[in-house]
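Reader: I am new to this structure and would like to understand the words used for it. Please take me through them one at a time, with the values behind each.

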Amino acid sequence: MTDPVKQGVFHLILIKPTHYDDDGYPLQWRYSTIPSNALACVNGIAQDCRDRNVLGEGVDIRIHAQDETNSRVRPQRLIDMIRRDGGRAMIGLVGVQSNQFPRSLDLARPFLKAGIPVCIGGFHVSGSLAMLDGTPPEIAAAEDLGISFFIGEAEEGRLDEVLRDAWDGKLKPRYDWRDKLPNLQGAPVPLLGRDEVKRTYGAYSSFDLGRGCPFQCSFCTIINVQGRVSRFRSADDLERIVRANHAIGVHRFFLTDDNLARNRNWEPCFDRLIELREKEGIDVRLQVQVDTLCHRIPNFIDKAVRAGVDQVFMGLENINADNLAAVKKGQNKIGEYREMFLAWKKHPVVITVGYIIGFPNDTRQSILNDIEVLKRELPIDLIYFTNLTPLPGSEDHQTLTRKGIWMDPDLNKYDLNHRVTHHQKMSDAEWDQVYDEVWDRFYTFDHMETILRRMTALGSNKRFTTVYRLLWYRDFRRFHGCHPLEGGFFRVKVRRDRRSGLPVENPVSFYAKYVAAESRNLIGMAWDYFKLRRAMKRIWADPKRFEYVDQAITPPGAAEAELGLYANTRGTAAELEKQKRQRAIIDAARAGIVKDAKPAPPPIAAE
């Protein structure tokens with residue numbers, strides 16, 4: 001007896017959840033900042049499943065991709081739509097991070113109550129199950145609700161089984177692929193629709209060219225979810241991604257690769273982008289992440305700029321060698337920082353760095369001193385600060401869990417913007433205080449004007465991009481109480497969407513506070529924007545604007561070792577001596593000298 005032919009409609013609803021603000025409301029905007037790569041990848045994989053008719057030629061798979069940071073999820077409307085079309089569907093909560101897990105459960109409950117299966121994937125589930133002994137209580141509680149989990153990555157046809165089980169109403173509790181990392185070459189194209197992309201500031205989409213990382217940073221979850229062996233897409237894959245997006249009018253991309261400079265295919269990928277830009281006029285623009293040694297790779301920076309890179313991010317993390325060693329981030333070479341930044345600054349590129357507060361050897365005063373060194377001696381445009389956070393899935397979280405050391409039980413706070421553990425040298429109040437202070441110390445109007453003067457003197461054309469980004473990074477914590485990377489334009493706040501367990505507010509008081517807060521925020525940001533634009537016009541009108549010079553944009557010289565970056569930070573002098581010896585050995589080997597090699601100059605003074 002043959003199986004009956006499947007016919008009907010199957011709704012696959014993919015939701016990238018947000019998390020709650022400090023008042024318990026979903027953090028949502030009319031236009032968000034960062035597009036979701038996880039949503040783009042799973043959406044592309046789902047479209048491939050549809051194109052291959054994995055549920056049979058008689059089944060119409062209708063895919064709905066929704067990023068909750070810029071689009072309100074209305075469960076009852078979705079449930080009504082599903083029921084009208086026969087009742088077959090699955091809710092996929094995509095790329096769920098630890099801070100988004102509580103929101104994910106609140107989203108799942110009405111669908112489960114309606115009998116619609118729900119499956120959760122992402123870093124929290126995959127990382128927690130990879131690193132912890134047994135099942136964490138929040139995941140066990142979710143399984144008790146009837147939620148299924150997808151553990152690992154979904155390429156190589158792994159979503160097929162999930163969709164077939166959902167059609168049959170028999171989702172398994174877990175789909176566990178954590179030990180089977182897929183090949184990315186030839187994988188379905190990560191893709192968001194034009195309507196989804198338009199909801200991000202600047203109409204950015206997202207994709208990745210590689211996954212996995214060989215380094216061992218103890219605070220990182222990537223190495224325990226995507227593996228320590230790097231896997232890469234090819235230049236042909238990249239061209240397919242660019243052309244698919246070009247067809248819907250999308251040309252700006254945020255690359256989520258943890259370190260594009262360590263992608264072995266970087267050069268053929270850049271060459272392909274250069275060809276598409278220069279021969280076909282496809283004006284690709286990229287934001288990428290690289291490491292602090294990328295300038296040592298011949299032609300990397302020059303080709304990156306020709307390929308469309310105009311914004312770069314580096315995980316600077318700290319300027320004290322002892323702190324970097326404490327979290328196993330030995331790949332960051334402090335002696336390379338200035339040379340690397342100045343190599344990028346030969347081009348019109350906006351530089352953003354990440355800096356972590358709360359390393360074991362930090363004190364409030366040492367952190368504030370370090371910020372002044374950063375401002376004075378490094379030519380960075382933007383910096384975003386985060387708290388050192390033991391994210392579930394990281395070695396730090398595993399260590400604290402096994403030792404029974406306190407961590408905040410509210411996963412919603414694991415957004416890097418809240419302190420979730422105690423510090424060895426600072427009280428909780430000191431840590432919270434200095435985290436607020438570093439934002440205010442870096443983004444003073446005096447220093448922002450210095451950044452604009454440096455940019456102008458170096459001949460960059462990124463005037464407005466720099467002004468907008470400075471405003472964004474300065475004001476989002478001040479006015480909205482959230483991290484700039486979680487920010488957006490025009491806050492959306494719905495009274496009845498409050499976190500479960502919290503009361504629904506009176507409509508009069510809720511809307512009065514909402515309107516007053518948003519009015520204050522918009523006026524405050526508009527005033528700061530006016531001041532920055534006025535400073536930019538004044539600088540641009542200065543006939544001596546190209547003569548400006550300060551320590552940060554002065555090339556490394558003989559007195560380099562006297563800078564505070566090296567003389568006033570912990571462990572850095574010894575690290576520089578170590579690098580000096582290593583480079584002497586390397587240079588001697590390259591020159592074919594076996595013994596009695598003269599020490600090479602330190603890397604900070606390299607030409």
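**Why these words fit**

Reader: Why is Glu-156 called exposed?

Author: Glu-156 has a relative accessibility of 52%. A residue counts as exposed over 50% relative accessible area, as buried under 20%, and as partly exposed in between, using a 1.4 Å probe and protein chains only. The 52% of Glu-156 is therefore in the exposed class. Before we go on, please note that this is a predicted model, in which local features need pLDDT of at least 70 and side-chain atom pairs count only at pLDDT 80 or more, while totals for chains, interfaces and linings use all residues. Residues are numbered from 1 along each chain as its sequence is written, and side-chain values use heavy atoms, with hydrogens and water left out.

Reader: Where does Glu-156 sit, and what is its phi?

Author: Glu-156 belongs to the loop that links β6 (148–151) to α6 (158–168). The names come from DSSP runs numbered from the N terminus: helices are H or I with at least four residues, and strands are E with at least two. The phi of Glu-156 is positive, about 65°, although this residue is not a glycine.

Reader: What makes Ala-203 partly exposed?

Author: Its relative accessibility is 23%, which falls between the two cut-offs, so Ala-203 is put in the middle class. Ala-203 is also not a glycine and yet has a positive phi, of about 55°. You will find Ala-203 in the loop between α7 (194–197) and β8 (204–207).

Reader: How do you know that Leu-184 is buried?

Author: Leu-184 has a relative accessible area of 0%, so it meets the definition of buried. This residue lies in the loop between β7 (174–176) and α7. Contact means heavy atoms within 4.5 Å; not counting residues up to four places away in sequence, Leu-184 touches several residues, including Glu-153, Arg-211, Phe-232 and Asp-237.

Reader: Why is Gly-487 called buried, and what does it contact?

Author: The relative accessible area of Gly-487 is 2%, so the word buried applies. Gly-487 is in the loop between α18 and β16 (488–492). Leaving aside neighbours within four places in sequence, its contacts are Trp-29, Ser-32, Thr-33, Trp-472, Phe-476 and Cys-482. The C-alpha atoms of Gly-487 and Ile-34 are separated by 8.7 Å, with their positions 453 residues apart along the chain.

Reader: What makes Thr-352 a buried residue?

Author: Its relative accessible area of 9% sets it under the cut-off, so Thr-352 is buried. Thr-352 is part of strand β14 (residues 350–357). Its C-alpha atom is 5.4 Å from that of Ile-383, which is 31 residues away along the chain. Among its contacts beyond four places in sequence are Val-312, Met-314, Leu-382 and Tyr-473.

Reader: How do you know that Val-59 is buried?

Author: Val-59, in strand β3 (residues 59–67), has a relative accessible area of 8%, so it too is buried by the definition. Not counting residues up to four places away, Val-59 touches Lys-6, Gln-7, Gly-8, Phe-10 and Trp-167.

Reader: What makes a group of residues a nonpolar core?

Author: A nonpolar core is a set of buried Ala, Val, Leu, Ile, Met, Phe, Trp, Tyr and Cys residues joined through side-chain atoms within 4.5 Å. The largest one here has 120 residues, and Phe-10, Phe-300, Phe-341, Trp-344 and Phe-385 have the most contacts inside it. Helix α18 (residues 463–480) gives the most to this core, with seven residues. Apart from it lies another core, of 32 residues, with Val-73 and Leu-391 among them. In soluble globular proteins, nonpolar side chains tend to be buried together.

Reader: Why is the protein chain called as compact as a globular protein of its length?

Author: The chain contains 21 helices and 16 strands. Its radius of gyration is 25 Å, close to the 25 Å from the globule rule for 607 residues, so the chain is as compact as a globular protein of that length. The radius is taken over C-alpha atoms, and the rule is 2.2 Å times the number of residues to the power 0.38. Buried residues make up 57% of the 607 residues.
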